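Work through these exercises with the structure open beside you. Try each task before you read its solution.

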Amino acid sequence: MWGWRVGEPGPVGGGSLVRERLPVPVPGRGELLVRVRVCGVCRTDLHVAEGDLPVHAPGVIPGHEVVGEVVTYGLGGFSPGDRVGIAWLRATCGVCRFCRAGKENLCLESRYTGWDADGGYAEYAVVPAAFAHRLPAGYSDEELAPLLCAGVIGYRALNRAEVPEGGRLGIYGFGGSAHLAAQVALARGATVHVVTRSAAARKLALELGAASAGDVPPEPLDSAILFAPAGELVPIALSALDRGGTLAVAGIHLTDIPVLDYQRHLFQERQVRSVTANTRADAQEFLRFAGWHRLHVSTTAYALSEAARALTDLAAGRVTGAAVLHTD
């Protein structure tokens with residue numbers, strides 16, 4: 001099969017991704033072999049390729065928004081030909097204090113697709129059947145791929161932001177995850193204000209129903225989500241919160257946060273919360289929501305052979321919505 005591996009982590013334009021002819025993976029006990037149809041391109045893939053995240057598996061195949069077709073038979077209720085999703089969370093121990101408390105996203109032994117084990121920038125992939133996802137009907141493969149990480153993480157970030165009923169939500173950055181989280185918030189009755197420099201992203205935000213899309217929110221916010229991996233935006237987002245407001249930081253990687261001023265940024269019970277991966281329950285809840293509420297999924301298609309270009313475009317801010325690789 002053809003696939004992409006991370007060679008020496010570094011700028012994606014400098015050859016950190018290497019395309020190779022590779023053996024088709026052999027599923028282990030309890031695993032499914034999946035023929036990859038599409039794989040979404042996530043900013044986390046960029047962090048893996050460029051070395052922002054520490055190397056967990058040298059030469060790993062990135063990609064964790066996989067929609068494919070089951071090849072192996074009879075595991076986890078899946079049959080050959082079934083459409084299946086492979087997401088970021090790949091394995092947990094099931095016995096640590098976090099797993100027992102229903103917080104498997106904090107598992108001490110958690111493992112991740114495209115970081116600890118090979119992912120979907122290839123024609124085949126394997127996944128533990130217990131961590132494979134059934135997918136809602138009514139969406140194309142290309143539309144489904146971003147739901148498996150961008151959608152799920154946006155959903156968890158939205159819950160972590162604790163938007164009150166009818167509340168005012170600010171979204172900083174408007175890419176693959178943000179444009180899906182915004183639709184969930186709108187469906188729940190929130191007023192959404194988007195802060196982004198991209199003219200295309202502003203246009204998309206307004207088309208989806210955002211009340212504003214510009215440089216600053218026009219009113220104090222009850223909650224906010226920071227999707228851009230820019231620590232310098234944390235004090236700006238906190239300053240825009242009303243009393244008692246909550247800022248959720250959605251990224252796995254963030255540049256350094258400047259010194260905060262207690263009175264301006266945190267006093268009056270403003271708070272900042274991180275978001276760490278997701279649980280399988282989060283994914284199942286979100287995918288059910290996507291089945292009930294038809295989401296608009298904005299995508300840009302690339303061939304699998306163009307994976308390096310897709311990541312370069314993502315790094316340069318040239319992707320509106322979510323980039324998706326097609327194996328055909």
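## Exercise 1: Two helices at an angle

In this predicted model, helices α1 and α9 pack with their axes 10 Å apart, at an angle of about 105°.

**Task.** Classify how α1 lies relative to α9, and list the residues that make the contact.

**Solution.**
- Step 1. Recall the idea: two packed helices are described by the angle between their axes and the distance between the axes.
- Step 2. Angles from 65 to 115 degrees count as roughly perpendicular. α1 is therefore roughly perpendicular to α9.
- Step 3. Look for the contact residues. α1 supplies R43, D45, L46 and A49. α9 supplies L311, L314 and A315.
- Step 4. Sort the contact of α1 with α9 by class. There are five nonpolar residues, two charged ones and no polar ones.

## Exercise 2: A covered helix

**Task.** Decide whether helix α1 is mostly covered or mostly open, and find what its buried residues pack against.

**Solution.**
- Step 1. Buried means under 20% relative accessible area. Six of the eight residues of α1 (43-50) are buried, so the helix is mostly covered.
- Step 2. Name the buried ones: T44, D45, L46, H47, V48 and A49.
- Step 3. Find their surroundings. The buried residues of α1 pack against β1 (2-6), β3 (31-41) and α9 (307-315).
- Step 4. Check what follows the helix. G51 comes after α1, and its phi is positive, near 90°.

## Exercise 3: A second helix pair

**Task.** Describe the packing of α3 (141-161) and α4 (176-187) by angle, distance and handedness.

**Solution.**
- Step 1. Take the geometry. The angle is about 55°, and the axes are 8 Å apart.
- Step 2. Classify the angle. It makes α3 oblique to α4.
- Step 3. Give the hand. The crossing of α3 and α4 is right-handed.
- Step 4. Find the contact. P146, L147, A150, G151, I153, G154, Y155 and L158 belong to α3. They meet G176, S177, L180, A181, V184 and A185 of α4.
- Step 5. Sort by class. The contact of α3 with α4 has 10 nonpolar residues, four polar ones and no charged ones.

## Exercise 4: Reading a sheet

**Task.** Give the strand order of the open sheet of six strands, and say which strands stand at its edges.

**Solution.**
- Step 1. Remember that strands of a sheet pair through backbone hydrogen bonds, either parallel or antiparallel.
- Step 2. Read across the sheet. The order is β12-β11-β10-β13-β14-β15, and the pairing is parallel.
- Step 3. Find the edges. β12 (212-214) and β15 (271-274) each have a single partner strand, so one side of each has no neighbour in the sheet.
- Step 4. Add the twist. Neighbouring strands of this sheet are turned by 20° against each other on average, direction ignored.
- Step 5. Follow β13 (221-226). Five of its six residues are buried, so this strand is mostly covered. Four bridges pair β13 with β10 (168-172) in the parallel sense. Here Y172 stands opposite L226.
- Step 6. Turn to the pairing of β13 with β14. These strands run parallel, joined by five bridges. I225 has A248 in β14 as its bridge partner.
- Step 7. Finish at β15. Four bridges pair β14 (241-249) with β15, again in the parallel sense. L247 is bridged to V272 of β15.
- Step 8. Add a helix. α5 (199-208) lies across β11 (191-195) and β12, at about 175° to β12.

## Exercise 5: Positive phi in a loop

**Task.** Find where Q268 and E269 lie, and decide for each whether it is exposed or partly exposed.

**Solution.**
- Step 1. Start from the usual case: most residues other than glycine have a negative phi.
- Step 2. Compare Q268. Its phi is positive, about 65°, although Q268 is not a glycine. The phi of E269, also not a glycine, is positive too, near 60°.
- Step 3. Place them. Q268 sits in the loop between α7 (262-266) and β15. E269 lies in the loop between α7 and β15 as well.
- Step 4. Check accessibility. Exposed means over 50%. Q268, at 27%, counts as partly exposed. E269, at 69%, is exposed.

Terms used. Residues are numbered from 1 along each chain as its sequence is written. This is a predicted model: local features need pLDDT of at least 70, side-chain atom pairs count only at pLDDT 80 or more; totals for chains, interfaces and linings use all residues. Side-chain values use heavy atoms; hydrogens and water are left out. Two strands pair if DSSP finds at least two bridges between them. Axes are lines fitted to C-alpha atoms, for helices over the stretch in contact, and angles run from 0 to 180 degrees between N-to-C directions. Contact means heavy atoms within 4.5 Å. Angles under 35 degrees count as roughly parallel, over 145 as roughly antiparallel, 65 to 115 as roughly perpendicular and the rest as oblique. A crossing is left-handed if the near helix is turned anticlockwise from the far one by less than a right angle, and right-handed if clockwise. Ala, Val, Leu, Ile, Met, Phe, Trp, Tyr, Cys and Pro count as nonpolar, Asp, Glu, Lys and Arg as charged, and the others, Gly among them, as polar. Buried means under 20% relative accessible area, exposed over 50%, partly exposed in between (1.4 Å probe, protein chains only).
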